[in-house]
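Let's take a walk through this one together, going from a small backbone detail out to the overall layout. Have the model open and follow along.

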Protein chains: 2
Amino acid sequence: MGHMDIQTETTPTGRKVSQVLEGARTVFLRDGFEGASVDDIARQAGVSKATLYNYFPDKRILFMEVAKAECVRQETATDEMIAMNAAPEKALRTAAERMMRLFLSPFGRNVFRICVAESDRFPGLGKEFWESGPELMRTKMIAYFRQAIDRGELAIDDCDLAADQFAELCKADLFPKLMFGIQDRFSDEEIARVADGAVATFMARYGTAQK
Amino acid sequence: MGHMDIQTETTPTGRKVSQVLEGARTVFLRDGFEGASVDDIARQAGVSKATLYNYFPDKRILFMEVAKAECVRQETATDEMIAMNAAPEKALRTAAERMMRLFLSPFGRNVFRICVAESDRFPGLGKEFWESGPELMRTKMIAYFRQAIDRGELAIDDCDLAADQFAELCKADLFPKLMFGIQDRFSDEEIARVADGAVATFMARYGTAQK
DNA sequence: AAAAAACTAAACCGCTCAGTTTATATTGTG
DNA sequence: CACAATATAAACTGAGCGGTTTAGTTTTTT
């Protein structure tokens, strides 16, 4: 052994291990599971194939390790997305833009693609991503709704549906275009248009102010 | 030659050819492009591999042929989705349910998956699917909006955005769950809840009736 | 400096798969 | 019936890939 491995972890750690994970992340997100070759990953990581296999006994395990790491990355990304005490228009508008920037980013796009493409080769993968991303955001939104309802700023019967609707409204136009490969770069104006529209539509339905 | 091939088509026709296309469709939609093996397709089609290669000189060409056929299938599926003369609540409610049943069906799901997964192996593929499906539907919706606006039943500034929002509202909750592999069968109640919600939210924003 | 541990390049194994070939059988036509 | 076109099964080729092995080099520890 090196010098001291205090943690008898299931997941290995160390400088080379990080290199491998970093390289694997790059290649898996770019090429998917089948599309990624282990030789590619090793090259990208600047590590020999033997070393890679020394730490991760097979490709699937390496993939799941990367996926696990991406989940926590997502979790931190959804942190602080909504200002719980702000008024709805302001809070929702900010949340809309942040959500959009996340799932329109190369990161969000690739994560989604991987989930869609590999979710039946890795059952439970999609669910884990969903729980550490969209589902988490949804929970936060609902918590916000409840507060705003108490303050008399919103009137919502089905909070779950409202949260899902808001999230979907933020995907209008741009998300399909991204997924179908029609467009992959979006201007601030395009984002603003959709975000404004999402908030306006949402508030028309659930706001308490007169029309 | 057989007896007479009047059409010097780019695309071959004939009984065996149809068998091949049918088998290819089944296997490609199930397994994706890489996941599908040509032997599988030949077996599924009840045709020898040599015959298959006689008509379609390589796997990519066969795939694109299947894709082309799926596009026209989609086009016919989006036909008659919206009753142009009905009042908004009624017309939209019907359209919502029809759209949902389409993209929640195994067909819609698989088409979407293929697009997402293969759209950079086949540039332009996603665009073609989009144009013969979502985009077509969008055009129809906008045409309906214009009529309803003329009748004073709707008030919409940005019809493009409104159409996209409506489509997205129809995806609330269910579509992400489908894509992430969390759920793949949806009850009438689940569909009704989302469809009703979509119409209600849309009308709250764009309807002309008082609140 | 010596011993032990970690790392590397490269060859290799077994397998799958796209695409071809061959030799044979089936089908349709004059 | 005979002939030509079409189809078939099965074997084969060549390439790529996951994973292993080997033999040697670098790094770390004592």
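Start in the loop of chain B that runs between helix H9 (159–169) and H10, where B:Asp173 sits. This is a predicted model, so treat what follows as a reading of computed coordinates. The thing to look at in B:Asp173 is its backbone: phi is positive, about 70°, although the residue is not a glycine. Most residues other than glycine have a negative phi. Is B:Asp173 buried or exposed? It counts as buried, because it has 21 C-beta neighbours inside 10 Å and the cut-off for buried is 20 or more.

Now swing over to chain A. A:Asp173 lies in the loop between helix H9 (159–169) and helix H10 (174–179) of chain A. Here, too, phi is positive at about 70° in a residue that is not a glycine. A:Asp173 has 21 C-beta neighbours inside 10 Å, so it counts as buried.

While you're in chain A, zoom out a bit. The chain has 11 helices and zero strands, so reading along the sequence you just get α-α-α-α-α-α-α-α-α-α-α. Its C-alpha trace spans about 70 × 40 × 30 Å along the principal axes. Of its 211 residues, 41% count as buried. Look at contacts between residues at least 6 apart in sequence, and 64% of them join residues at least 24 apart.

How is chain A divided up into domains? The domain assignment gives domain 1 (15–57) and domain 2 (69–206). Their C-alpha centres are 31 Å apart. Where the two touch, domain 1 of chain A puts in four residues and domain 2 of chain A puts in six. On the domain 1 side, that comes to three nonpolar residues, one polar and no charged.

Next, pick out helix H6 (residues 106–118) of chain A. With 13 residues, the helix reaches 18 Å from first C-alpha to last, close to the 18 Å expected at 1.5 Å a residue. Its buried residues are A:Val111, A:Phe112, A:Ile114, A:Cys115, A:Val116, A:Ala117 and A:Glu118. What covers them? From chain A, the cover includes helix H1 (15–35), helix H4 (59–78), helix H5 (88–104) and helix H7 (125–132). Chain B joins in with helix H6 (106–118) and helix H10 (174–179).

That brings us to the interface itself, where 33 residues of chain A are in contact with 33 residues of chain B. On the chain A side, the elements giving two or more residues are H6, H7, H9, H10 and helix H11 (188–206). H11(A) gives the most, with six residues. By type, the chain A side divides into 16 nonpolar, six polar and 11 charged residues.

One last stop, back in chain B. B:Met81 has its place in the loop between helix H4 (59–78) and helix H5 (88–104) of that chain. With 19 other C-beta atoms within 10 Å, B:Met81 is partly exposed. Leaving aside neighbours within four places in sequence, B:Met81 is in contact with B:Ala95, B:Arg98, B:Met99, B:Met137 and B:Lys140. And if you want to check a distance, try B:Met81 to B:Asp196: the two are 115 residues apart in sequence and 17 Å apart in space, C-alpha to C-alpha.

Conventions
Residues numbered from 1 in each chain as written. Chains lettered and ligands numbered in written order. Predicted model: local features only at pLDDT ≥ 70, side-chain atom pairs only at ≥ 80, totals over all residues. Domains from an automatic or database assignment. Contact = placed C-beta atoms within 7 Å. Nonpolar A, V, L, I, M, F, W, Y, C, P; charged D, E, K, R; others polar. Helix = DSSP H or I, 4+ residues; strand = E, 2+ residues; numbered from the N terminus. Expected span 1.5 Å × (residues − 1). Buried ≥ 20, exposed ≤ 12 C-beta atoms within 10 Å, placed from the backbone.
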